[in-house]
Amino acid sequence: MDKDTTVRYTVFAETTDYDEKRRGSMFDRRRSSITHLLAKPPPGLRWMSLEVWMCIKWLVAWTLYCILGALIFIQLEEPMPNGHKDVLAPHPHWKKFKELLQKQEQMEELLDLKSNLIKMCDHTFLNQSFSFELSDVDGLPVWKDWPENDKENRTTIINHQESLFADLKDVESACKESLFVVEQITHYEEVPSLIDAVYYTMTAVTTIGYGHISPTTTANKIFCVLYCLIGVPLTCIFLNKSSEFLSIKMLETYKRVSKRHPDKKVSLLYLITAFYLTLGFIVFMFIPSVAFMFIEEWTYLDSFYFTFITLSTIGFGDLIAG
């Protein structure tokens, strides 16, 4: 390698190293600026303490994570069969015959269907010849029918649609087993709504797992595993920040009160602890139980039982809200 080539290579290497350091420093400054903005409450919320702001940040992050997971869950989920049901349906020939008879169309096809239906149901109404003509009576089309073997060609005119419906129902009542077939209908579960999907993601990342909503597709099962690998630790961090906030507030209350009564520090510690435990019981157990009692129309015992099973993340699934 000659001298000029060596110089050019050295200059290129120094320039590349400088550009990488410059891009790295810009990224570090941008990251530090975002971290600085999130480290403290915004200007309009300067009255808020850092502990409250920290809890709000983690709450927003946890909520957005649950909503994002719910949207992905909906996209990956597909309707799944949920059992079969046998129902009676009109025979195709009988169904088509009724349509043509009511519309007064395609006489040739109607007569062909009639000849097939007579073999299935030997009813008086079917043992007639039909011809259509228009009538001015009430502006409704009418039918002429007469017995095939009647030489006098007796004609009966039906002026109202109700008469035809009554005759058709009479035929169906007399030949129900012949004119109806059993069809098996498959019911499909609907894809969960956004609210149900958020409900699912919340029970997944909190490890409650009621089980009434679960992934059914392969892609969704894989996503659930990966999603919970991040969501469960995120939930633990959020709960940890919340407990730290409550502990700090409890300690601040104790220090403030103990300064006024320095001779009763032990009693004050027990009293403040009992106060916060009672407050937590009221907020997280009593009030939700009363709310579920009225919303779900449960007894208070069932509501209290459901609240405890949920908060303890046992999640039997025997009682489901909503």
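Here a trainee and a mentor talk through a predicted model.

Mentor: Local features here need pLDDT of at least 70 and side-chain atom pairs pLDDT 80 or more, while totals for chains, interfaces and linings use all residues. Residues are numbered from 1 along each chain as its sequence is written, and side-chain values use heavy atoms, leaving out hydrogens and water.

Trainee: Is Thr307 buried or exposed?
Mentor: Let's start with its place, helix α10, residues 300-311. Helices are DSSP runs of H or I, at least four residues, numbered from the N terminus. Buried means under 20% relative accessible area, exposed over 50%, and partly exposed in between, with a 1.4 Å probe and protein chains only. Thr307 has a relative accessible area of 4%, so Thr307 is buried.

Trainee: Which backbone oxygen does the side chain of Thr307 reach?
Mentor: Contact means heavy atoms within 4.5 Å. Leaving aside neighbours within four places in sequence, Thr307 is in contact with residues including Phe284 and Phe292. The backbone oxygen that its side chain reaches, at 2.8 Å, belongs to Ser303.

Trainee: Is Pro92 buried or exposed?
Mentor: Good one to compare! Pro92 lies in helix α3, residues 92-103. Its relative accessible area is 53%, so Pro92 is exposed.

Trainee: Which element gives the largest share of the largest nonpolar core?
Mentor: A nonpolar core is a set of buried Ala, Val, Leu, Ile, Met, Phe, Trp, Tyr and Cys residues joined through side-chain atoms within 4.5 Å. Of the 13 residues in the largest one, Trp94, Phe97, Val171 and Leu179 touch the most other members. Two or more residues each come from α3, α4 and α5. The largest share, four residues, comes from α3.

Methods. A polar contact is a pair of N or O atoms within 3.5 Å; within protein, one must be able to donate a hydrogen and the other to accept it, and residues adjacent in sequence count only if both atoms are side-chain atoms.
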